[in-house]
Every structure is written in structure tokens, then in C-alpha cells.
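Reader: I should be grateful for a close look at a single part of this protein. Please choose the part yourself, and explain it in connected steps that a first-year student can follow.

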Amino acid sequence: RAKKSSSEKEPTARSGDGMPTEQWRLATTQEEIKDRLLGMKAIQQQHALLHVNALVDRCFDQCVTDFWLTRHLGTREQQCVCDCTHKFLALSLQLGDTFATLLASPELTKADVHTRLVR
């Protein structure tokens, strides 16, 4: 095995798409930037699907009580699903806004942000 020189050190930190952060910073061509953005878009789509699946699981389990008996939702079940969905989405938006606001504050550390979100 050939010994690497000090200038050939492999970076250990990784970006969100699994690429070493040094390679991310060096991605300067339009094609490389486009590839990275497409990778980030795919990750965001996966997160959105997981979010929707969590919403469906939670609201279905909470609201639908006799699906095994009849394949249609009753009026009460429909209203419960609508209310559950509305609350889940409103909370998600509020949490996202709060998180973005906290991260935009330059004087806060990561520990401060975590403490304020957990409260």
C-alpha cells in the first residue's frame, strides 16, 4: 500500500449528501453544482415522504375506529382526520419557523437552540 503524502489527506467531515465537505467546497463547475442540488432535492423529497407517512399513521390510528367493519369513513372520523391533519401541519410549520428564527440568531450556540426547542 502506497503511503500518502501530507497533502493527500482524506477529509473526514461529510456533507448532507455523504460527500466529504472538502469535495463539496471544490464543486465549482455548473455540472457539479447541479448534481449536488439534485442530490439535496432527493433527500428533501425523502424527508417530506417520511413526514407525510408519520401524519397518515398518527391521524389514522387516532381517528379511524371501525375501518375493519366498513370501508368508508364516518362523519365523525372525517372531521377527526381533518382536525388532526390541520394540527399536525400547523405544528410542523410553527416548529420550522421557530427553528429557522433560532438558527438565524448569530449570538446563539447550537446548545442554546436545542434548549429552546426542547422546552
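Author: Helices and strands are here DSSP runs, of at least four residues for a helix and at least two for a strand, numbered from the N terminus. On that basis the elements of the protein run α-α-α-α from the N terminus on, with four helices and zero strands. The model is a predicted one. Of the 119 residues, 13% count as buried.

The part chosen is the pairing of cysteines between helix 2 and helix 3. Helix 2 covers residues 30–63, and helix 3 covers residues 75–104. The protein has two disulfides, which follow the pattern 1-4, 2-3 when bonded cysteines are counted along the chain.

Consider one pair, Cys-59 and Cys-84, whose sulfur atoms are 2.0 Å apart. This disulfide links distant parts of the chain, since Cys-59 belongs to helix 2 and Cys-84 to helix 3, 25 residues apart. The torsion about its S-S bond is about -85°, so the disulfide is left-handed. Both Cys-59 and Cys-84 are buried.

The other pair is Cys-63 and Cys-80, with 2.1 Å between the sulfur atoms. Because Cys-63 lies in helix 2 and Cys-80 in helix 3, this pair ties together parts that are 17 residues apart in sequence. Its S-S torsion is about -65°, so this disulfide is left-handed as well. Why does Cys-63 count as buried? Its relative accessibility is 5%, and buried means under 20%. Cys-80, by contrast, has a relative accessible area of 24% and is therefore partly exposed.

The surroundings may now be added. The largest nonpolar core consists of Leu-55, Cys-59, Cys-63, Cys-84 and Phe-88. Helix 2 and helix 3 each supply at least two of these residues, and helix 2 gives the most, with three.

Cys-63 also leads to a charged residue. Beyond its neighbours within four places in sequence, Cys-63 is in contact with Glu-77, Cys-80, Val-81 and Cys-84. Glu-77 lies in helix 3 and, outside its own close sequence neighbours, touches Cys-63, Val-64, Thr-65, Asp-66 and His-72. Glu-77 is buried yet has no salt bridge, as the nearest side chain of opposite charge, Arg-76, is 9.3 Å away.

Finally, the loop between helix 2 and helix 3 holds Phe-67, which counts as partly exposed because its relative accessibility is 31%. The C-alpha atoms of Phe-67 and Glu-77 are separated by 10.0 Å.

How values were computed. Residues are numbered from 1 along each chain as its sequence is written. This is a predicted model: local features need pLDDT of at least 70, side-chain atom pairs count only at pLDDT 80 or more; totals for chains, interfaces and linings use all residues. Side-chain values use heavy atoms; hydrogens and water are left out. Buried means under 20% relative accessible area, exposed over 50%, partly exposed in between (1.4 Å probe, protein chains only). Lys and Arg count as positive and Asp and Glu as negative; His and the chain ends are not counted. A salt bridge is a side-chain nitrogen of Lys or Arg within 4 Å of a carboxyl oxygen of Asp or Glu. Contact means heavy atoms within 4.5 Å. A nonpolar core is a set of buried Ala, Val, Leu, Ile, Met, Phe, Trp, Tyr and Cys residues joined through side-chain atoms within 4.5 Å. A disulfide is a pair of cysteine sulfur atoms within 2.5 Å.
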